[in-house]
Amino acid sequence: MNLNLDFAAILERWPVFLDGALLTLELAFIATVLGALIGALGAIGRRSSHPLIARICGIYVESIRNTPLLVQIFLVYFGLASLGMKFSAFTVAAAALTINVGAYTTEIMRAGFDSIPRGQIEAAEGLALSRPQIYWHVVLWPAIEKVYPALTSQFVLLMLASSVTSQISAEELTAVANYVQSDTYRAFETYILVAIAYVFLSLIMRAGFWLLGLVLFPRRRRLGTPL
Amino acid sequence: MMKRSFYTVAVATVCMAALGSVAARADLLDDVMKARKVRIATDLAIPPSGMVDGNMKPTGSDVETAQLLAKDWGLELEFVQTTGATRIPNVQTNKADIIISTLSVTPERAKVIDFTKAYAALQSVVGCLKSLEVKNWEDLKGKTIAVSRGTTQDTELTNMKDRNLTLARFDDDATMVTAALSGQADCVATSATIVNQIGVKNAARAFEPKVVIRNFDLAIGLRKGEPRLTEKLNEWITTNLKNGKLNEIYKKFHGSELPADMRG
């Protein structure tokens, strides 16, 4: 086998790759922030004593977790346009990723909530904390801390999954790679570089989550041990 | 590896030499007239130029062009089914007399076969919703143009940096057409044929070619060194462009007329 790799032709296009990587990070950031919010609310809703709310949240989680992301993206992109609502590819990509990751985050958060022992809540009641105080200090934050590693993985996965939004013309990293390789016929080199770029993006995100963990969870900062 | 490619070249050279001598001996026009039959290489898997209808009969613009030629010359017609890649080898190895199969004229091809004058054109255009007022590149500013990633249209529009075009790149023609049908894009850059077909799929969102990017000449191809046949084919093309028959065939299958300077 005679493998002839030429990275020079690809590397000279670094500005477009940088644009693509920034757009990928932007998509991941928006979807992570909004997805975490949806996830927290969804998990609370799913555990609600109100059966209708619990049911609605359940349907949302199950319908998203049992359909492919690409199909969801096409549904939002072409579906909304058919109804006369036109949004840019970037908006649709961010929205579809948020909806998708929101469902997974709901499930992860629910697991966190379920892991809080009843005794802990009863102890808080014994100390005469109000219901919002109990939810905030005794349930929500310890729950998030417990599932924090799982959440980190999920959001990194989401960043990697954003590559399929190239299908609806969002110009993120994979879309840039598809274009460059079709123009230079250097497919192997292009995708090697893009794979390395994704590894870096993942490391950046993991480092970010590690720092955020130190800020959010004082015990981790002080004791250096996870819960 | 090196050795094998050397043999390939050697064998190919011998074959070419043999072919050349055959071509020198006989005149293709005489052969065709004597056999009272013309063998035409056509790809029947590229609608609407070449395809098979519901009764498994060949049809399409190239097929009707071939049928018109055979009828005018009073010859029996034999279709030699081919694919895009085997069109040229078919005439080089004398399996077919001529090629009528959306063959665009390129300098590389001209080195191995001869071309007649153009009988049709492949039009690369920006098409928009019929209701849009678009007449030139200036009018396209600020409109999203859907395009298939990596196609010639993508490359050409991307290079027009000073025209400030907004491109939305899709991974294939099907997704691009869906974007146009669903309303995500009001303009597409592709062949005129596909632009016209959008309206067939959804009459509410009919598109029409607005700005021409480039026309690719389509010509009849034949093996090198057949000046008499080439000359006769050129005469036939000129006549049928003038009397409008070729334009009629093109319009029937592609939905738009041939470029005005060709019809002249």
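The exercises below, each with a worked solution, concern chains A and B of a predicted model.

**Exercise 1. Describe the make-up and the extent of chain A, and say what its UniProt annotation covers.**

Begin with the secondary structure: chain A has 10 helices and 0 strands, and reading along the sequence therefore gives the pattern α-α-α-α-α-α-α-α-α-α. Next, take the dimensions, where the C-alpha trace of chain A spans about 70 × 50 × 30 Å along its principal axes. Then consider how the chain packs: 33% of the 227 residues of chain A count as buried, and among the contacts in chain A with a separation of 6 or more, 76% are made by residues 24 or more positions apart. Finally, turn to the record, an unreviewed UniProt entry, in which the annotation "domain: ABC transmembrane type-1" covers residues 21-209 of chain A. Over residues 21-209 the chain is 83% helix and 0% strand, with the end C-alpha atoms 18 Å apart.

**Exercise 2. Work out which elements of chain A take part in the contact with chain B, and what kinds of residues are found there.**

Start by counting both sides of the contact, to which chain A brings 15 residues and chain B brings 13 residues. On the side of chain A that touches chain B, the elements giving two or more residues are α4 (69-82) and α8 (173-184) of chain A. The most is given by α8(A), with 5 residues. Sorting the residues on this side of chain A by kind then yields 6 nonpolar, 7 polar and 2 charged.

**Exercise 3. Trace the sheet of chain B and find which strands stand at its edges.**

First write down the order of the open sheet of 8 strands, which is β4-β1-β5-β10-β6-β9-β7-β8 (chain B), with mixed pairing. Now look at the two ends of this order: β4 (76-81) and β8 (166-170) of chain B each have a single partner strand, so one side of each is left without a neighbour in the sheet. As an example of a pair inside the order, take strand β1 (residues 37-42) and strand β5 (residues 98-99) of chain B, which pair in the parallel sense over 2 bridges. At the level of single residues, B:Ala41 stands opposite B:Ile99 in β5(B). It helps to recall that strands of a sheet pair through backbone hydrogen bonds, in either a parallel or an antiparallel sense.

**Exercise 4. Describe how the two domains of chain B are placed and how they touch.**

Begin with the assignment, which gives domain 1 (25-122 + 216-263) and domain 2 (123-215) of chain B. The C-alpha centres of these two domains lie 29 Å apart, and 9 residues of domain 1 are in contact with 9 residues of domain 2. On the side of domain 1 that touches domain 2, the elements that give two or more residues are β6 (113-129) and β10 (207-223) of chain B. The residues of that side of domain 1 divide into 5 nonpolar, 3 polar and 1 charged.

**Exercise 5. Decide whether B:Phe253 is buried or exposed, and describe its surroundings.**

First locate B:Phe253, which lies in helix α10 (residues 245-254) of chain B. Then apply the cut-off, by which a residue is buried if 20 or more other C-beta atoms lie within 10 Å of its own; B:Phe253 has 21 such atoms within 10 Å, and therefore B:Phe253 is buried. Leaving aside its neighbours within four places in sequence, B:Phe253 is in contact with B:Pro48, B:Gly60 and B:Ser61. As a last step, consider B:Leu77, which is 176 residues from B:Phe253 in sequence and 21 Å from B:Phe253 in space, C-alpha to C-alpha.

Terms used. Residues numbered from 1 in each chain as written. Chains lettered and ligands numbered in written order. Predicted model: local features only at pLDDT ≥ 70, side-chain atom pairs only at ≥ 80, totals over all residues. Helix = DSSP H or I, 4+ residues; strand = E, 2+ residues; numbered from the N terminus. Buried ≥ 20, exposed ≤ 12 C-beta atoms within 10 Å, placed from the backbone. Contact = placed C-beta atoms within 7 Å. Nonpolar A, V, L, I, M, F, W, Y, C, P; charged D, E, K, R; others polar. Domains from an automatic or database assignment. UniProt positions renumbered as here; feature names shortened; annotations may be inferred. Pairing = 2+ DSSP bridges.
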